[in-house]
Amino acid sequence: EVIEGLNVKPGKKYIDATLAGGGHTLEILNRGGKVLGIDRDQDAIDYVTEKIKNQKSKIKVGEDLVLVKSNFKDLGEIAKNVGFTKVAGIIFDLGTSRHQLKSIGRGFSFQRDELIDMRMDKSEELTAREVINSLSERQLYEIFTKFGEEKLARTIAHAVLVARTLKPITTTGELAQIVKTIKKSKEKTDAATKVFQALRMYVNRELENLRQGLARGVEILAPGGRIAVISFHSLEDRVVKNFYRNRENLGELKVITKK
């Protein structure tokens with residue numbers, strides 16, 4: 001649906017602001033578009049480069065496809081540097097990719113017990129492990145509330161503080177277990193989901209980057225060009241819809257989907 005929404009035209013330029021496993025990028029290329037693929041995770045850049053090489057396709061990396069390791073908050077500057085101004089379409093696929101969740105040692109998921117990390121860009125210094133072990137109870141409560149919309153944020157934040165006085169919380173399993181002692185979830189999702197989401201979003205400054213990325217995207221979009229966003233929860237959804245609505249009121253964008 002998102003690719004259809006982009007209305008890809010052969011020979012036109014498109015930006016995949018969240019490259020990940022390259023699914024959207026490859027589909028745009030297959031439809032004749034040229035793509036600037038951006039990801040802050042070097043693993044994603046390497047994975048897609050290798051994937052195209054193994055496919056032995058006619059796609060030329062550096063011509064049909066330009067890959068840049070960077071943060072999409074700097075979309076305007078990146079696009080200018082590689083000649084992708086006045087583009088026909090931009091796509092944002094938010095959150096973590098399947099590749100990141102499955103990657104050993106990244107600490108995004110509680111499905112595997114490993115060191116808590118959660119950095120999308122491994123060159124960044126702040127990890128979720130540092131956040132969980134150094135911030136105050138009040139700060140943790142605010143993170144769990146703001147980025148996870150966790151109803152038991154205060155109790156969980158207190159439990160984290162009690163646990164770390166005994167020993168530092170270092171693994172995803174340890175953190176998940178602390179949450180589960182407080183929260184007996186009857187929902188389909190795991191009890192620790194919202195806390196893990198909150199930490200990931202805080203560490204990677206996801207909502208702040210999204211606002212900046214959308215704003216820069218409008219600046220480099222050609223008349224009649226399209227921006228498509230895939231969001232997975234209400235926080236991202238709210239940012240995107242408010243942005244679209246405000247820019248539509250200014251006469252800069254037109255919302256073309258019913259919802």
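Student: Starting from the rule that two strands pair when DSSP finds at least two bridges between them, which residue is the bridge partner of Ile15 in β2?

Tutor: Ile15 is matched with Leu36 in β2. Keep in mind that this is a predicted model. One residue back, Tyr14 has Val35 as its bridge partner in β2.

Student: How many bridges does the pairing of β1 and β2 have, and in which sense do they pair?

Tutor: There are four bridges between β1 and strand β2 (residues 34–39), and the sense is parallel.

Student: What about β2 and its surroundings, how many of its residues are buried?

Tutor: Five of its six residues are buried, so β2 is largely enclosed by the rest of the structure.

Student: Let's zoom out. What is the strand order in the open sheet?

Tutor: The order is β3-β2-β1-β4-β5, five strands with parallel pairing. The edges are taken by β3 (65–69) and β5. Each of these two has a single partner strand, so one side of each has no neighbour in the sheet.

Student: And by what angle are neighbouring strands turned against each other on average?

Tutor: By 15°, with direction ignored.

Student: What joins β4 to the strands beside it, in bridges?

Tutor: With strand β1 (residues 13–16), β4 pairs in the parallel sense over three bridges. Asp16 has Ile91 of β4 as its bridge partner. With strand β5 (residues 221–230), β4 shares six bridges, and these two strands also run parallel. Opposite Val87 you will find Leu221 in β5.

Student: Why is β4 described as largely enclosed?

Tutor: Six of the seven residues in β4 (residues 87–93) are buried, so the rest of the structure largely encloses this strand.

Student: On to the core. Which residues touch the most other members of the largest nonpolar core?

Tutor: Ile15, Phe92 and Phe144 do, in a core of 58 residues. There is also a second, separate core of 18 residues, with Tyr14, Ile28, Val35 and Ala228 among its members. Tyr14 and Val35 are the bridge partners from earlier.

Student: What does Phe92 contact, leaving out neighbours within four places in sequence?

Tutor: Its contacts are Ala17, Thr18, Phe72, Leu75, Gly213, Leu214, Ile227, Ala228, Val229 and Ile230.

Student: Ile28 came up in that second core. Which residues of its helix, α2, are buried?

Tutor: In helix α2 (residues 23–30), the buried ones are His24, Thr25, Leu26, Ile28 and Leu29. After α2 comes Gly32, which has a positive phi near 95°.

Student: Switching to helix packing. How do α8 and α9 cross?

Tutor: The axes of helix α8 (residues 153–166) and helix α9 (residues 172–182) come within 9 Å, crossing at roughly 130°. That angle makes α8 oblique to α9. Their crossing is right-handed.

Student: Which residues make that contact?

Tutor: From α8 it is Thr155, Ile156, Ala159, Val160 and Ala163, and from α9 it is Leu175, Ile178, Val179 and Ile182.

Student: Thr171 is in the loop between those helices. Is Thr171 buried or exposed?

Tutor: Thr171 is buried, since its relative accessible area is 14% and the cut-off for buried is under 20%. Beyond its neighbours within four places in sequence, Thr171 is in contact with Asp113, Glu114, Leu115 and Ile116.

Student: Back in α8, what does Leu161 count as at 22% relative accessibility?

Tutor: Leu161 counts as partly exposed. Not counting residues up to four places away in sequence, Leu161 touches Leu135, Ser136, Glu137 and Leu140.

Student: What separation do the C-alpha atoms of Leu161 and Ile132 have?

Tutor: They are 8.6 Å apart, while the two residues are 29 residues apart along the chain.

Student: Last one: how do α11 and α12 cross?

Tutor: The axes of helix α11 (residues 206–220) and helix α12 (residues 234–249) come within 10 Å and cross at roughly 30°. That makes the two helices roughly parallel, and their crossing is right-handed. On the α11 side, Glu206, Leu207, Leu210, Arg211, Leu214, Ala215 and Val218 meet Leu235, Glu236, Val239, Val240, Phe243 and Arg247 of α12. Leu214 is also one of the contacts of Phe92.

Notes
Residues are numbered from 1 along each chain as its sequence is written. This is a predicted model: local features need pLDDT of at least 70, side-chain atom pairs count only at pLDDT 80 or more; totals for chains, interfaces and linings use all residues. Side-chain values use heavy atoms; hydrogens and water are left out. A nonpolar core is a set of buried Ala, Val, Leu, Ile, Met, Phe, Trp, Tyr and Cys residues joined through side-chain atoms within 4.5 Å. Buried means under 20% relative accessible area, exposed over 50%, partly exposed in between (1.4 Å probe, protein chains only). Contact means heavy atoms within 4.5 Å. Two strands pair if DSSP finds at least two bridges between them. Axes are lines fitted to C-alpha atoms, for helices over the stretch in contact, and angles run from 0 to 180 degrees between N-to-C directions. Angles under 35 degrees count as roughly parallel, over 145 as roughly antiparallel, 65 to 115 as roughly perpendicular and the rest as oblique. A crossing is left-handed if the near helix is turned anticlockwise from the far one by less than a right angle, and right-handed if clockwise.
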